[in-house]
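The following exercises concern a predicted model. Work through each task with the structure at hand before reading its solution.

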Amino acid sequence: MAMTLRLTPDDEQLLADLAAEQGLSRQEATVRAIREAAERRGHERTIRESSARYRQRYAELLARLGK
C-alpha cells in the first residue's frame with residue numbers, strides 16, 4: 001500500500017540522519033522505526049501484564065514488606 005508521509009523539516013532531517021547512520025534508505029529507516037516501536041509496545045504490554053499478575057499473587061507479602 002502506498003502512503004504519503006508529511007514531515008516537518010526537523011523531522012525530515014532526523015529521518016535523513018537516521019537513515020544515513022544506518023546505511024539505509026529513508027523508506028527502510030521509516031519501516032524499521034515503525035517495527036521497533038511496535039516491538040517495544042508489545043514488550044511493555046507483556047511487562048505490565050506480568051507485573052499485575054505478580055502484584056496480585058504476592059499482594060500479602062508486599063503489604064507485609066511495606067510495613
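**Exercise 1. Burial in α2**

Task: Determine which residues of α2 are buried and what they pack against.

Solution. Step 1: apply the cut-off, by which a buried residue has under 20% relative accessible area. Step 2: in this predicted model, A29, G42 and S50 of α2 are buried. Step 3: look for the partner of these positions; the buried residues of α2 pack against α1.

**Exercise 2. The span of α2**

Task: Compare the expected span of α2 with the distance between its end C-alpha atoms.

Solution. Step 1: the helix α2 holds 32 residues. Step 2: the expected span is 1.5 Å times one less than the number of residues, which gives 46 Å for α2. Step 3: the end C-alpha atoms of α2 are 46 Å apart, so the two values agree.

**Exercise 3. Salt bridges**

Task: Find how many salt bridges the model contains, and describe each pair.

Solution. Step 1: the criterion is a side-chain nitrogen of Lys or Arg within 4 Å of a carboxyl oxygen of Asp or Glu. Step 2: two salt bridges result.

Step 3: one of them joins the side chains of E12 and R26, with an N to O distance of 2.1 Å. This pair connects distant parts of the chain, since E12 belongs to helix α1 and R26 to helix α2, 14 residues apart. Both partners are partly exposed: E12 has a relative accessible area of 27%, and R26 has 45%.

Step 4: E28 and R32 form a salt bridge in which the closest N and O atoms are 3.1 Å apart. Both residues lie within helix α2, four residues apart, or about one turn of the helix. An α-helix has 3.6 residues a turn, so residues three or four places apart point the same way. E28, at 29% relative accessibility, is partly exposed, as is R32 at 38%.

**Exercise 4. The largest pocket**

Task: Give the volume of the largest pocket and analyse its lining.

Solution. Step 1: the volume of the largest pocket is about 270 Å³. Step 2: its lining consists of M3, L5, L7, E12, L15, R26, Q27, T30, V31 and I34. Step 3: assign these residues to elements; α1 (9-22) and α2 (26-57) are those that give two or more residues to the lining. The largest share, five residues, is from α2. Step 4: sorted by class, the lining comprises six nonpolar, two polar and two charged residues. Step 5: relate this to Exercise 3; E12 and R26, which line the pocket, are also partners in a salt bridge.

Notes:
Residues numbered from 1 in each chain as written. Predicted model: local features only at pLDDT ≥ 70, side-chain atom pairs only at ≥ 80, totals over all residues. Heavy atoms only, no water. 1 Å grid on protein atoms, 1.4 Å probe; cavity = no way out; pocket = protein on both sides within 12 Å on 5 of 7 lines; lining within 4 Å. Points joined across faces, edges and corners; volume = space filled by probe spheres on them. Nonpolar A, V, L, I, M, F, W, Y, C, P; charged D, E, K, R; others polar. Buried < 20%, exposed > 50% of the residue type's maximum accessible area, 1.4 Å probe, protein only. Contact = heavy atoms within 4.5 Å.
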